[in-house]
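Let's walk through this structure together, from its interior to its charged and aromatic contacts. Keep the viewer open and follow along as the residues come up.

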Amino acid sequence: MDLMIKGKKAIMAGGSAGMGRATAERLAEAGAELIITARGEARLQKAAEEIAEKYDVPVTPVVANSSTEAGREALFAACPDPDILAITIKPPDPNGDFLKVSADMWRDSVETALIGPIEIMRNYIPVMKEKGWGRIVNIATFSAKNPMIWRLMSGPARSALLNYTASVSREIAPHGVILNNLLPGMFATEGASEIMGAYADAFGLEPKPEIVRAHFKEHNHIPAGFMGDADDLAPMAAFLCSSLARFIVGQNIVIDGGQYSAIF
């Protein structure tokens, strides 16, 4: 399928690994010029080199933490005028006892999962409106719609992001700027592996992979029968970034193997 974005300039914030990298690859495959950001320089540089070589498109790595003002400014300086903006963040650690979730933990969650994406969008939306064309996709989490006690540091801030984007998407659609969200469920990505120890702590488990996996499977029924991998989400993300998605406005699309069992 021709996504009709060859030559478009695309930012993938959080693009060095996992769903971000997979999405960056699908955009590169469609011929987009890429700017990818991440906090870790070594992994980011490696991802940029591999994507550029594989798809023969320009890929610019930008070391930036988009939850901070300095990180966002570095991105804005590196790419002032994108056509496409996709955003994801490293998943926060699972929390154990909800009564031990502190005010500082909430502030960090909101800075990372709500304020960071909003400030990036707020910077680029006027640019896209001026062009008369733009695509914005937030890769969030299905816990924004499916409350889970151990995902408190992830779900509530993303629920607020969904509320914000639902309003903003209708304001910018008449200008050719399309904004949607993807809500992934349980995926076997690098980010998920990195929080395995925190998951064990949250449930009082021995930090052994086989024990953690068994507990996870018992308490998180996925009708599809497996955890997704990044390529189970990336094609949909790339589609929403394309010219073909012009009539999809302000939607929150769950990709979770059927775990979220509701009609809406």
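The paragraphs below go from the nonpolar cores to strand pairing, salt bridges and rings. Please keep in mind that this is a predicted model.

A good place to begin is the largest nonpolar core, which has 36 residues. Within this core, Leu27, Leu34, Ile36 and Leu233 touch the most other members. Several elements give two or more residues to it: strand 1 (9–13), strand 2 (33–38), strand 4 (84–87) and strand 5 (134–139) on the strand side, and helix 1 (18–29), helix 2 (41–55) and helix 9 (234–240) on the helix side. If you select leucine 27 and leave out residues up to four places away in sequence, you will find contacts with Ile5, Ala10, Ala32, Leu34, Ala238 and Cys241. There is also a second, separate core of 26 residues, and Leu85, Ile118, Ile120 and Met128 are among its members.

Now turn to strand 1. Four of its five residues are buried, leaving this strand mostly covered. Strand 1 pairs with strand 2 in the parallel sense, over five bridges. To see the register, look at lysine 9, which stands opposite glutamate 33 in strand 2.

Next come the charged side chains. How many salt bridges does a search of the whole structure find? The count is eleven, and three of the pairs are worth a visit here. The first joins arginine 21 to glutamate 25, with the closest N and O atoms 3.0 Å apart. Because these two residues are four apart in helix 1, about one helical turn separates them. Both arginine 21 and glutamate 25 are buried. Helix 1 also holds arginine 26 and glutamate 29, three residues apart, about one turn of the helix. Their side chains meet in a salt bridge at 2.9 Å, N to O. Arginine 26 has 18% relative accessibility and therefore counts as buried, since the cut-off for that class is under 20%.

In helix 2, lysine 46 and glutamate 50 lie four residues apart, again about one turn of the helix. Here the salt bridge between the side chains is 2.6 Å, N to O. Lysine 46 has a relative accessibility of 48%, so it counts as partly exposed. Glutamate 50 is partly exposed too, with a relative accessible area of 29%. Salt bridges that share partners join Arg21, Glu25, Lys46, Glu50 and Lys54 into one network.

Finally, let's look at the rings. The count of aromatic pairs comes to one. The partners are phenylalanine 76 and tyrosine 124, with ring centres 5.3 Å apart and planes at 90°, so the pair is edge-to-face. This contact links distant parts of the chain, as phenylalanine 76 is in helix 3 (residues 69–78) and tyrosine 124 is in helix 4 (residues 103–131), 48 residues apart. Are these two rings' residues buried or exposed? Phenylalanine 76 is buried, with a relative accessible area of 12%, and tyrosine 124 counts as buried at 0% relative accessibility.

Charges over rings complete the tour. Lysine 8 lies over the face of tryptophan 133, at 4.1 Å from the ring centre. Over the ring of tryptophan 150 sits the charged end of arginine 151, 5.4 Å from its centre.

Definitions and conventions. Residues are numbered from 1 along each chain as its sequence is written. This is a predicted model: local features need pLDDT of at least 70, side-chain atom pairs count only at pLDDT 80 or more; totals for chains, interfaces and linings use all residues. Side-chain values use heavy atoms; hydrogens and water are left out. A nonpolar core is a set of buried Ala, Val, Leu, Ile, Met, Phe, Trp, Tyr and Cys residues joined through side-chain atoms within 4.5 Å. Buried means under 20% relative accessible area, exposed over 50%, partly exposed in between (1.4 Å probe, protein chains only). Contact means heavy atoms within 4.5 Å. A salt bridge is a side-chain nitrogen of Lys or Arg within 4 Å of a carboxyl oxygen of Asp or Glu. Rings of Phe, Tyr and Trp (its six-membered ring) pair if their centres lie within 6.5 Å; planes under 30 degrees apart count as stacked, over 60 as edge-to-face and the rest as tilted. A charge sits over a ring if NZ of Lys or CZ of Arg is within 6 Å of the ring centre and within 35 degrees of the ring normal. Two strands pair if DSSP finds at least two bridges between them.
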